[in-house]
Amino acid sequence: MQPKYKRILLKLSGEVLKGQSTACHDEAILADVAERLTGLVKLGVEVGVVLGGGNIFRGLSGVQSGTNRVIGDTMGMLATIINALAVQNALERAGTPAVVMTAQQMPQIATPFNVRKALKLLSRGVVVIFAGGTGNPFFSTDSGAALRAAEIGADALLKATKVDGVYTADPKKDPTATRYERLSCEEALAKRLNVMDAAAFALCRDNAIPIVVFDFHAPDVLRRVACGEPGLGTVVADF
């Protein structure tokens, strides 16, 4: 199959990298993620990645325990950079070139974000991992993913989750919940489906970027989603 999306932005939670491990990262999962991303590159897809940091530190959790919100969000952004470096290392071990670009200035560790440089790298088959969120507190990694997707002109934002799409209710709590194959950003917000936050939806809607929500653990799922396999996951778009 030929890819439906030439350039994608994959949003992956930090918890995926942890798995059942007691450590922050599971090496087997990192290797699996690298293998999946390498498969997309070989398919001819330009791949950008945004990772969460919840396996290390989640800003809002810190706030609940007394951490200042700005400091907590900054710590969370640093956690995403650690995850980005881990995935970069896994990709390079798999023989796939990867570059970490950060919203913060830390040139000894990673490349400062530059959209023109990112586009050049993507066109050469380099996986670009965008880390450090938007560089500002009060914005989620979902918003950071939507922002980077818009900046690089991604054809789709792929949001990997633990379930196979967006449901009318939590399928783990409500056995009658049904999966949407497609819905609009406005519907997702109005029904409080908690797919992404309002800022992320607005960025994707205003830049005509579809959001594809899918189960990251499904077999060969990244290739299938990138090729636009029908009935797989949920597409959130207003067009």
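Let's start with the sheet. Nine strands, 9 in total, form an open sheet in the order 4-3-5-2-1-6-10-11-9, and the pairing is mixed. Strand 4 (111-112) and strand 9 (182-183) stand at the edges. Each has a single partner strand, so one side of each is left without a neighbour in the sheet. One caution before I go on: this is a predicted model.

Now move inward, to strand 2. How many of its residues are buried? The count is 6 of 6 for residues 46-51, so strand 2 is largely enclosed by the rest of the structure. Look at its two faces. On one side sit Glu46, Gly48 and Val50, and on the other Val47, Val49 and Leu51, all buried. Both faces are covered.

Who flanks strand 2? Strand 1 (residues 7-12) runs parallel to strand 2, joined by 6 bridges. Within that pairing, Arg7 has Glu46 as its bridge partner. Strand 5 also pairs with strand 2 in the parallel sense, over 3 bridges. There, Val49 is matched with Ile129.

Further along the order, strand 6 and strand 10 pair. The sense is parallel, with 5 bridges. Lys159 stands opposite Val213 of strand 10. Keep Lys159 in mind; we meet that residue again at the pocket.

Next, the packing. In soluble globular proteins, nonpolar side chains tend to be buried together. Here the largest nonpolar core has 42 residues. Which members touch the most others? Leu37, Ile129 and Phe214 do. Helix 4 (residues 69-93) supplies the largest share of this core, 6 residues. There is also a second, separate core of 31 residues, with Ala154, Cys204, Ile209 and Val236 among them.

Take Leu37 in detail. Beyond four places in sequence, Leu37 touches Leu10, Val47, Val49, Val87, Leu91 and Leu222. Two of those names, Val47 and Val49, we have just seen on one side of strand 2.

Phe216 is worth a stop too. Phe216 lies in the loop between strand 10 and helix 9. Buried or exposed? At 3% relative accessibility, Phe216 counts as buried, because the cut-off for buried is under 20%. Its contacts, leaving out residues up to four places away, are Leu12, Val16, Val33, Arg36, Ala160, Thr161, Val221 and Leu222. Thr161 is a long-range partner in sequence terms: 55 residues separate it from Phe216, yet the C-alpha atoms are 5.7 Å apart.

A second pair of that kind involves Ala150, in helix 6. Ala150 and Ile209 are 59 residues apart along the chain, with 7.5 Å between their C-alpha atoms. Outside its sequence neighbours within four places, Ala150 is in contact with Asn207 and Ile209. Ala150 itself is partly exposed, with a relative accessible area of 23%.

Now backbone geometry. Most residues other than glycine have a negative phi, and most peptide bonds are trans. Two residues here go the other way on phi. Phe138 has a positive phi of about 75°. Phe138 belongs to the loop between strand 5 (127-131) and helix 6 (141-151). Asp220 has a positive phi of about 50°. Asp220 is in the loop between strand 10 (211-215) and helix 9 (221-226). At 43% relative accessibility, Asp220 counts as partly exposed.

Last topic: pockets. The largest pocket holds about 1,300 Å³ of space. Its lining has 44 residues, and nearest the centre are Arg58, Asp142, Lys159, Asn194 and Val195. So there is Lys159 again, the residue opposite Val213. Which elements give two or more residues to that lining? They are helix 1 (14-18), helix 3 (59-64), helix 4, helix 6, strand 6 (156-161) and strand 7 (166-167). Helix 4 gives the most, 5 residues. By class, the lining divides into 17 nonpolar, 15 polar and 12 charged residues.

The second largest pocket has about 150 Å³ of space. It is lined by 13 residues, and Gly228, Glu229, Pro230, Leu232 and Val235 are the closest to its centre. That lining has 6 nonpolar, 3 polar and 4 charged residues.

To close, one link. Helix 4 gives the largest share of the largest core, and helix 4 also gives the most to the lining of the largest pocket.

Technical notes. Residues numbered from 1 in each chain as written. Predicted model: local features only at pLDDT ≥ 70, side-chain atom pairs only at ≥ 80, totals over all residues. Heavy atoms only, no water. Core = buried A, V, L, I, M, F, W, Y, C linked by side-chain atoms within 4.5 Å. Buried < 20%, exposed > 50% of the residue type's maximum accessible area, 1.4 Å probe, protein only. Helix = DSSP H or I, 4+ residues; strand = E, 2+ residues; numbered from the N terminus. Contact = heavy atoms within 4.5 Å. 1 Å grid on protein atoms, 1.4 Å probe; cavity = no way out; pocket = protein on both sides within 12 Å on 5 of 7 lines; lining within 4 Å. Points joined across faces, edges and corners; volume = space filled by probe spheres on them. Nonpolar A, V, L, I, M, F, W, Y, C, P; charged D, E, K, R; others polar. Pairing = 2+ DSSP bridges.
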